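Please look over the sequence and the model shown here. The report after them goes through the helical spans, the ligand shell and the sheet in turn.

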Amino acid sequence: MSAVTPIVEPGITNGTANAGLRGLLRRPLAVAALIVLAVIVVACVLAPVLTPYQPLSQNLNAVMQLPSAKHILGTDTLGRDVYTRILFGGRPALLGALEAMVVFGVIGIILGLIAGYSRDAVDRVISVFVDLLMSLPGIVVMFAVLALFNNNLGAAMVTLGLFSSGGLVRVVRAATKATREELYVAAARVSGLGSMRILLRHIAPKLVGPIVIQVSLFAGIALVVQSGLGFLNLGVVAPAPSWGGMVGEASQVISQSPWLLVPSGGIIGITVLALGIIGDAVRDINAETKSRSGGITRKRALAPKATAATAPADGDALLVVDGLRIAFDTPRGESEVVHGISFSVRRGELIGLVGESGSGKTVTALSLLGLLPPNAAITSNRTVFDGREFTSLSKEELHQLRGAGIGLISQEPMVALDPSFTVGQQLREVIRAHGGISRADAHRKAISLLEDVRLPEPESVARRYPHELSGGMAQRVVIALSLAGEPKLLLADEPTTALDVTVQAEILDLLRALRDERGMAILLVTHDLGVVADFCERAVVMQHGRIVESKDIDQLFGAPEHEYTRALIAATPSLIDLTDVEAQNVEVASNAR
Ligand SMILES: Nc1ncnc2c1ncn2[C@@H]1O[C@H](COP(=O)(O)OP(=O)(O)OP(=O)(O)O)[C@@H](O)[C@H]1O
């Protein structure tokens, strides 16, 4: 066991220090906690000018007095002014907590950043060091240090900070690992920026939220430990004032003067509470920032607008989208990006939604799952999935649909995996969320899903953290996660964009094989006509938020009608030969008829 294990937040912030401070100032409770903390710190620092008494001066004629105008918090067993002793006693308490916090923060942040950013050997060495720190009984070591260093409180607090820093190293390491996989970090690396600059400029600011949470929570813990030492008359030795020592003295005379426990215990409680409130507020701000930037928020429902689009016939369609419009509320006003599109997906069909960047493919797909950010307004005449009209579904039903009826594979597999949990833990969590089964059954199903997505050594993969996977493996894990709810429709948003060419082909082969085995439909969102030609049976072509053409693949490539489709084909050189062949096929077929 480590000295103190801070609470590990799996979330990773995208917030900046400024946004965090603004968020704090918008929360009255957090502002009150900040003010209380500031007043306590300033009062302790300015103690000599805020009180006419000395902390050690005794008056045996006025012992254990209740608060009065002369002694606003009363006097103790030796007639010393309690208010004065609290002010002076706060100095070692706050200084000790600060020392522990600095050591905790510096070691946690530096080692976490280095471990998270470097690969292999350095990461492994730091991880072993952290494991070692966390396995040693830090509190016992702290007592040994006190004995060794002649009751030196500073040395004890440094020891506490060091032995508690393992948890922070892990949090920062996981957050750094996730952030370093972001596309913009890769781009910065490719553009020749040095590691130190990338770490300080691109990664460290993203970690401010989790670090502030951990450090503020630890500060409270350090203060309690420091007070505990004072209570045991260690570190700050009587008659010198310390908050813990004052609690100890008050508890000895609790039957004669119960009041004495109030100011000494109260100041510790108030300070720890203020630190806790600040930590909680930062955690809330962090979660809000994350959900805003991650866009995992339910869509804003509006009344459907009339549309000129023709409603597709349901027939044996699994999904029917009729007159879908998507608009974003932006600082420049409302901007409609999808203008009343209609299309359908048949059961078990491999269908492509294709178009250039910005044509509205992704927002169309995400709108089906309610995954657009809150500034999106979605309207449609009708959206029917598996015979059920979306607008008739309650929040809970729509939530169940996500993952169960419709699965999602995102562009960036690493973004879809939580860096703080192993593959097995994440799979088990999703499996158990879908069907209340036992842990052991969930584990068996997780392994079988990993086998289904053709991952070798599934047991070993299940034990790994996301950062221990290659891009192709991570995408297979994401596919396994999306299969956990046995969806009827899989939305695959550019599932191969982040992968190299050979892995891309393997992932597409896997998706095709899974469709054959499970009979689910796959809606592939892509800008790559080559992928569409290779994978899909039918394609819907989008341009500027409108569908310009929707056809079976042979027809689309053989006889493209719209000039935009022709331009897209012409811009994909590998397809030009294919279209010649397809054109001949279409011609032969029509001659035969
Ligand atoms: N949160 C948002 N706020 C405002 N506009 C947005 C938001 N998200 C997307 N858009 C706009 O919606 C339009 C369609 O975006 P979408 O991501 O669907 O394009 P896409 O066809 O998938 O392109 P890409 O392949 O580059 O992702 C774009 O003009 C984009 O700027």
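## Helical spans

Over residues 29-50 the chain is 95% helix and 0% strand, and the C-alpha atoms at the two ends are 27 Å apart. The model is a predicted one. Residues 93-116 are 100% helix and 0% strand, with end C-alpha atoms 33 Å apart. The two spans are set side by side in the table.

| Span | Helix | Strand | Distance between end C-alpha atoms |
|---|---|---|---|
| residues 29-50 | 95% | 0% | 27 Å |
| residues 93-116 | 100% | 0% | 33 Å |

Both spans appear in the UniProt record, an unreviewed entry, under the feature "transmembrane region". The record gives that feature to residues 128-149, 155-172, 207-240 and 260-282 as well.

How do helices α4 and α7 pack, and at what angle? Helix α4 covers residues 82-117 and helix α7 covers residues 153-180; the angle between them is about 35°, and their axes are 5 Å apart. The crossing of α4 and α7 is right-handed. Sorted by class, the residues in this contact are 22 nonpolar, 9 polar and 4 charged.

## The ligand shell

Around the ligand there are 14 residues, and those that come nearest are F328, V337, S357, T362 and V363. Two elements give two or more residues to this shell: β2 (317-330) and α13 (361-368). Which element gives the most to the shell around the ligand? The answer is α13, with 3 residues. By class, the shell has 4 nonpolar, 9 polar and 1 charged residues.

## The sheet

Strands of a sheet pair through backbone hydrogen bonds, in either a parallel or an antiparallel sense. In this model, 6 strands make up an open sheet with mixed pairing, and their order is β8-β9-β10-β4-β11-β12. The strands at the edges are β8 (406-409) and β12 (546-552), each of which pairs on one side only. On average, neighbouring strands of the sheet are turned by 15° against each other, direction ignored.

One pair within the sheet can be followed in detail. Strand β9 (residues 489-493) pairs with strand β10 (residues 521-526) in the parallel sense, over 5 bridges. Which residue of β10 stands opposite A492? That residue is L524.

A helix also lies across part of the sheet. Helix α19, made of residues 471-483, lies across β8 and β9. Helix α19 runs at about 170° to β8, and β8 is one of the edge strands.

Conventions:
Residues numbered from 1 in each chain as written. Predicted model: local features only at pLDDT ≥ 70, side-chain atom pairs only at ≥ 80, totals over all residues. Pairing = 2+ DSSP bridges. Helix = DSSP H or I, 4+ residues; strand = E, 2+ residues; numbered from the N terminus. Axes fitted to C-alpha atoms, helices over the stretch in contact; angles between N-to-C directions. Contact = placed C-beta atoms within 7 Å. UniProt positions renumbered as here; feature names shortened; annotations may be inferred. Left-handed = near helix turned anticlockwise from the far one by under 90°. Nonpolar A, V, L, I, M, F, W, Y, C, P; charged D, E, K, R; others polar. Near = placed C-beta within 6 Å.
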